[in-house]
Each structure stands twice: as structure tokens, then as C-alpha cells.
Amino acid sequence: MENLTLENVQTIIRTMANVAIENEKRFSDLDGVMGDADFGTSIAGGYRAVLAEWEGYDMSSIGSFLLNVAKTWTGNTGGCSGPVWGTLFMRCGMAFRGKTEISIEEAIPALKNAMEGIMQRGGAKLGDKTMLDAIDAIVKSFEASVEAGDSLSDALSKAADAAYEMRETTKDWVAMRGRQSFTGDRSRGTYDPGIVAVGDFAKEIVAALS
């Protein structure tokens, strides 16, 4: 299985930024069904800040780059989005210090550690109908791909499919975190915007890296 290069990781972050900005209203509309309708605005703002500070980032390694991204998120984004995404990029950045290439196998423990950090920061857990469930689907898919000896492109494609499918898998779950949790059973039948966003990010990343 091939590795992801520093350039690939840069493409991944830039793709996520583009998707977040292009879907700002859509993501906020999804959040507005049962939440406070600010999810799209929050993540688009975070990624706009990342693009604005891009040229000043330390690009010497994947780790230094992601740690810079994390610093931007925590310094420019309020609400729950800043700590959540900041933690994700910080934990992955720490795992990839000094690396200019990473394998899918190396990404698995980094993402697991990031999920643990997010759970510690926000109190969410798997099954609460949050973006954690989509990230977990990616991790499980990566594990299956490593076991099967899939190519990098196949591993990424399968993981994207798994993340994307979580929007339907979790649709009838009851939301347990955030403003949506206040609606109780009325949150059944609605999409979680974080899960939708992760699935959209994953699909577009595969296309960008193809």
C-alpha cells in the first residue's frame, strides 16, 4: 500500500476547506432543522482562516503543517467547532511529527487518538449521532483495508463510502449531544450536519487525490 505524501495531506485540507465554504448554507440549514443553525458558518469560518494563514504555515512535515492548522482553528473559531476540529488536527499533527509520508496503517492510531481527544473535550461518545460516528466508520474501514492489503486508492475510496453511508445509518438515531439533544425523539429522522460534512469531505478528498 502506498503512502500519503505531505502534498497529499495539503490537498486533503484544502479540499475540506473548499467543501466547507461551498456548503456553508447547506450545512447550516441541516443544523437548523433541530440545532442552532450555525454549524455551516462555524466550519466555513474555520477553514477560511486556515486558507488565509496558509502561506505562513510550516510545511516542513505533515505534523508541523497539521499543528499549524490546529492552531488556526482554536484561535479563530468559537463554539464547539473550534475545540473539536482543533483537537482533531492537533492530535494528528502530534502523531505525524517529522513525517513527510504516512501510511493508512499509521493514520489509524492517529485518528483513534484524535477521537479520544474529541470525546474528552466535548463529552460525546460513539453512538451519540455526531461526526465521531463518521470518523469511526473511516477508522474501521481503514482497518479492514489494511487487513485485506488494499491499495491506497481503494482504502480511501472504501473509507469515503463508509463515512458517506453513516448519514443514512444514523438518521433514525436520537441525537445525544448539542442543541439537537434537547429535542429528544424528535431528532429521529434528521441528518446530523457533522456526519454529513465528514462524508462529503471524504468523497471529495477521494476525487481530489485521484
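Thr87 is found in helix 5 of this predicted model. Its relative accessible area is 4%, and because the cut-off for a buried residue is under 20%, Thr87 counts as buried. Once neighbours within four places in sequence are set aside, Thr87 is in contact with Gly82, Ala114, Gly117, Ile118 and Arg121. One of these partners, Ala114, is 27 residues away in sequence, yet the C-alpha atoms of Thr87 and Ala114 are 6.5 Å apart in space.

Phe89 brings in the nonpolar core. The largest nonpolar core has 62 residues, and Trp85 and Phe89 are those with the most contacts inside it. Not counting residues up to four places away in sequence, Phe89 touches Ile13, Met16, Tyr47, Leu66, Val69, Ala70 and Trp73. In soluble globular proteins, nonpolar side chains tend to be buried together.

Met16, one of the residues touched by Phe89, also belongs to the lining of an internal space. The structure holds one cavity of 30 Å³ or more, and the volume of the largest cavity is about 570 Å³. Its lining consists of 26 residues, of which Ile12, Met16, Leu111, Phe142 and Ile205 are the closest to the centre. By class, the lining has 26 nonpolar residues, with no polar and no charged ones. At least two lining residues come from each of helix 1 (6–22), helix 5, helix 6, helix 7, helix 8 and helix 9. Helix 9 gives the most, with five residues.

Helix 7 is the next stop. Its 18 residues, 131–148, should span 26 Å at 1.5 Å a residue, and the end C-alpha atoms are 26 Å apart, which agrees with the expected value. The buried residues of helix 7 are Met131, Leu132, Asp133, Ala134, Ile135, Asp136, Ala137, Ile138, Val139, Ser141, Phe142 and Ser145. Among them are the charged residues Asp133 and Asp136. An α-helix has 3.6 residues a turn, so residues three or four places apart point the same way. The cover over the buried residues of helix 7 includes helix 5 (81–95), helix 6 (104–122), helix 8 (152–169) and helix 9 (193–209).

The backbone on either side of helix 7 can be followed through two residues. Lys129 has its place in the loop between helix 6 and helix 7. Its phi is near 65°, a positive value in a residue other than glycine. Most residues other than glycine have a negative phi. Lys129 counts as buried because its relative accessibility is 1%. Gly149 follows helix 7, and its phi is also positive, near 75°.

Helix 8 and helix 9 also meet at an open space. The second largest pocket holds about 160 Å³ of space. Its lining is made up of Glu2, Leu4, Asn8, Leu152, Ser153, Leu156, Val206, Leu209 and Ser210. Helix 8 and helix 9 each supply at least two of these lining residues, and helix 8 gives the most, with three. The lining of this pocket divides into five nonpolar residues, three polar and one charged, whereas the lining of the largest cavity has no polar and no charged residues.

Terms used:
Residues are numbered from 1 along each chain as its sequence is written. This is a predicted model: local features need pLDDT of at least 70, side-chain atom pairs count only at pLDDT 80 or more; totals for chains, interfaces and linings use all residues. Side-chain values use heavy atoms; hydrogens and water are left out. Helices (H or I, at least four residues) and strands (E, at least two) are DSSP runs, numbered from the N terminus. The expected span of a helix is 1.5 Å times one less than its number of residues. Buried means under 20% relative accessible area, exposed over 50%, partly exposed in between (1.4 Å probe, protein chains only). Contact means heavy atoms within 4.5 Å. On a 1 Å grid over the protein atoms alone, a cavity is a set of points where a 1.4 Å probe fits but cannot get out, and a pocket is an open set with protein on both sides within 12 Å along at least five of seven lines; lining residues have an atom within 4 Å of a point. Grid points are joined across faces, edges and corners, and a volume is the space filled by probe spheres set on the points. A nonpolar core is a set of buried Ala, Val, Leu, Ile, Met, Phe, Trp, Tyr and Cys residues joined through side-chain atoms within 4.5 Å.
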